[in-house]
Amino acid sequence: MSTVTDAPTRPRTPSAPASRTARLRRSADRPRRSLPLTLLTGLVLLYTLVPLAWLVISATKTEKTLLDSPGMWFSGHFALWDNIRQTLTYNDGIFGRWLLNTLLYVVLGAGGATFLAVLGGYGLAKFDFRGKKTVLAVVMGAVAVPATALAVPTFLMFSKMGLTNTPWAVIIPSLISPFGLYLMWVFATESIPGELLEAARVDGSSELRTFFQISLPLLAPGIVTVLLFTTVATWNNYFLPLIMIKDPDWYPLTLGLNAWNDQAATAGGEPVFNLVITGSLLTILPLIAAFLLLQRYWQSGLSAGSVKE
Amino acid sequence: MRTKVVRHTLRGAGLVCAAALALTACSSNSSSDSGSDGGAVSASALDAALNKGGTITVWAWEPTLKKVVTDFEAKYPKVHVNLVNAGTGDKQYTALQNAVQAGRGAPDVAQIEYYALGQFALGKSLQDLSKYGASSLSKQYSPGPWNSVSLNGGVYALPMDSGPMALFYNKKVFDKYKLKVPTTWDEYVSDAQKLHAANPKAYITNDAGDAGFTTSMIWQAGGHPYTVNGTKVSVDFGDAGSKKFAGTWQKLLSDKLVAPITSWSDQWYKGLGDGTIATLAIGAWMPANLSSGVPSASGDWRVAPLPQWQKGQTASSENGGSSLAVMKSSTKQDLAYGFLKFANAGAGVQDRIKGGAFPATVADLNSPTFLNTPFPYFGGQKANQVFSASAKNAVTGWQYLPFQVYANSIFNDTVGKAYVSKTTLSSGLKSWQDASVKYGSEQGFTTGK
């Protein structure tokens, strides 16, 4: 669905200088303004915002005016509220069910993936054990394998286990996030001084307590970053549920919207483009909200380890 | 019902689906219990099973089946039907192939379009319904659909609906540009030229390359490009019918007289509404889509018989339409067949006609109420008379490939080139033929030209 756009990626601004020396250095060679670069950035901004604008404008149109009026301007009749009401009530309100399903997959899938990534990353960064290098190599290799390539074999395996067509078929594969693990490993290496752990041990803190009370707060920005990554991946996941789930009652929003879109391609089916568009808009709102609220963490997470202090 | 449509742009996901489909096509994995292929099942045994009850799962995307299920459950309160929309057309076939391959998760009943039946029947995924006496229903259905469900001496599904072709045309556009409703394809081409000359934004029809449409047109022209006899398969787009179609349609393509708009897209619905797409040669299930998808053009459209290849003839063909089949892997085949019979040969048929579906049953096609129903969308025209005549005049002997789902999926890589480059339609058809034959022999069929 071309209308389901990712939330606009915001231009990265350098994070606020953490220390005085950094600020001094920055002002010493203040970057000069560059017209071509500004234009280029503007172009990229436009490229990201135009589909979003189209989506917002189109969501205010009825099924009829959607086809009759110019795409990038309003049709005169403002039907957004009516569209939202229809989206939420169409097919006995199945949209709400899909929204809850998506939330379930995100909370359990992305939440679980983050939890595992934090545990694994911390362990890899702060403990020495036999086979650590091998584990790292496997993780790095796994980052390169797209999840889509694994979907069909996973389906055949899950089918043997009788798990297809259940929420577990989406949640379990979502629990594994090699990239999240890698990110957590890098972040934990950088942000938790080994001396701190030593001190905690000397004071008699158990490993578990050290992890929860000392390491976890230090890892917070990294955790939020990984959580955002996995949330976006799970929220937008399409191919895995497409293969695994056949019962519309367990569809996530991505599959549900696609099923509505397909209604236009069936004899006797009712085209509901206006609901598909309004539904898409509603679908990306939580993601946009998550990005705006967690922006600060996101940025500090991305630049983690980039500056030696 | 069919109607779905070849996807013109294979998305990343679609590509993998197609690959998955290719891998599993024609693989047979029958996990049916040994008893299921046993002797005949009598009507009373069937009734007993229905009264005893149980739960069956039906995969279908046809919207009118909802009402059928409600009525079926009212009649047999102990049977519960779990109606699941597992995707439309090829999406559902991929899911079905995957489930058959995995030996688990397949439904008891599946909606399958006529063109795809051969693939599942020869792949031994479907139960032959002869043991229930389904062959005796042959006279109840019009010849096109019945022909499609009877394969290799068995009956592998019951026809649910049909799509005898007709020409839908926008009368407002025809009146405005003083065009005559074409009765032959030559007249159609000259109308196309006149229309496009008078209004460069208007086209006689849209066509961006659609396997279902192309095969239906060749069918009407009397072509028999596919010959299937057991595991012997031959493909020949060099026969007279195929040549007739390719020659005429090439004129429209060369002069850019058809709008390059993909059917079923939002652009398509827009074109049907604003008069830039003036006609559609399509199946009789189209009225429901027009009235729900293009309400603004209500009263503008009319229906005429399909233009002919030779003046004065009445040849026709089927476009789309689908059936319900019982999966071989089902452990509740008796219940499943009970549902099939109710939906496609019993009270369910009326439910579906009321919901706007086009029947495959002769009694309904000939009933005076059906024939005399006025369509307000078509300005009160009794359009069913045109459709019903078309159903009777479908050219006999048409066959689809036992791997038609795959063949249709590569239509745009082969014939599709004729729509976007200088490749001619006939050389496009030739490369479609070659690719289909190649795939057929890889799958273990004995292939010929």
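## Two spans of chain A

Over residues 98–122 of chain A the chain is 100% helix and 0% strand, and the C-alpha atoms at the two ends of this span are 35 Å apart. This description, like everything that follows, concerns a predicted model. Another span, residues 134–156 of chain A, is 91% helix and 0% strand, with its end C-alpha atoms 28 Å apart.

Both spans appear in the UniProt record, an unreviewed entry, which places the feature "transmembrane region" at residues 35–57, 98–122, 134–156, 168–189, 210–235 and 272–294 of chain A.

## Chain A as a whole

What kinds of elements does chain A have, helices or strands? The chain has 13 helices and zero strands, and an α element therefore stands at each place in the order of elements from the N terminus on. Of the 309 residues in chain A, 34% are buried. When contacts in chain A are taken between residues at least 6 apart in sequence, 76% of them join residues that are at least 24 apart.

## The two domains of chain A

Chain A is divided into domain 1, which covers residues 46–78, and domain 2, which covers residues 92–302. Their C-alpha centres lie 32 Å apart, and eight residues of domain 1 of chain A are in contact with eight residues of domain 2 of chain A.

Which elements give two or more residues to the side of domain 1 of chain A that touches domain 2 of chain A? They are helix 2 (35–58) and helix 3 (63–68) of chain A, and helix 2 of chain A provides the largest share, three residues. Sorted by class, this side of domain 1 of chain A has four nonpolar, two polar and two charged residues.

## Where chain A touches chain B

The contact between the chains takes 29 residues from chain A and 38 residues from chain B. On the side of chain A that touches chain B, at least two residues each are supplied by helix 3, helix 6 (147–160), helix 11 (239–244) and helix 12 (253–262) of chain A. Helix 6 of chain A gives the most to this side, with six residues, and the residues of the side of chain A that touches chain B divide into 14 nonpolar, eight polar and seven charged.

## The two domains of chain B

Chain B is divided into domain 1 (12–162 + 321–366) and domain 2 (165–317 + 397–448). The centres of these domains of chain B, taken over C-alpha atoms, are separated by 28 Å, and the contact takes 18 residues from domain 1 of chain B and 16 residues from domain 2 of chain B.

On the side of domain 1 of chain B that touches domain 2 of chain B, helix 1 (12–24), helix 4 (90–102) and helix 5 (114–122) of chain B each supply at least two residues. The largest share, five residues, comes from helix 5 of chain B. By class, this side of domain 1 of chain B has eleven nonpolar, five polar and two charged residues.

## A helix pair in chain B

Helix 10 (residues 240–254) and helix 21 (residues 425–442) of chain B pack with their axes 8 Å apart and at an angle of about 130°. Why are these two helices of chain B called oblique to each other? Angles over 145 degrees count as roughly antiparallel and those of 65 to 115 as roughly perpendicular, so the pair, at about 130°, is oblique.

In this contact, B:Ser242, B:Ala246, B:Trp249, B:Gln250 and B:Leu253 in helix 10 of chain B meet B:Leu425, B:Ser426 and B:Leu429 in helix 21 of chain B. The residues of this contact divide into five nonpolar, three polar and no charged.

Definitions and conventions: Residues numbered from 1 in each chain as written. Chains lettered and ligands numbered in written order. Predicted model: local features only at pLDDT ≥ 70, side-chain atom pairs only at ≥ 80, totals over all residues. Helix = DSSP H or I, 4+ residues; strand = E, 2+ residues; numbered from the N terminus. Buried ≥ 20, exposed ≤ 12 C-beta atoms within 10 Å, placed from the backbone. Contact = placed C-beta atoms within 7 Å. UniProt positions renumbered as here; feature names shortened; annotations may be inferred. Domains from an automatic or database assignment. Nonpolar A, V, L, I, M, F, W, Y, C, P; charged D, E, K, R; others polar. Axes fitted to C-alpha atoms, helices over the stretch in contact; angles between N-to-C directions. Parallel < 35°, antiparallel > 145°, perpendicular 65-115°, else oblique.
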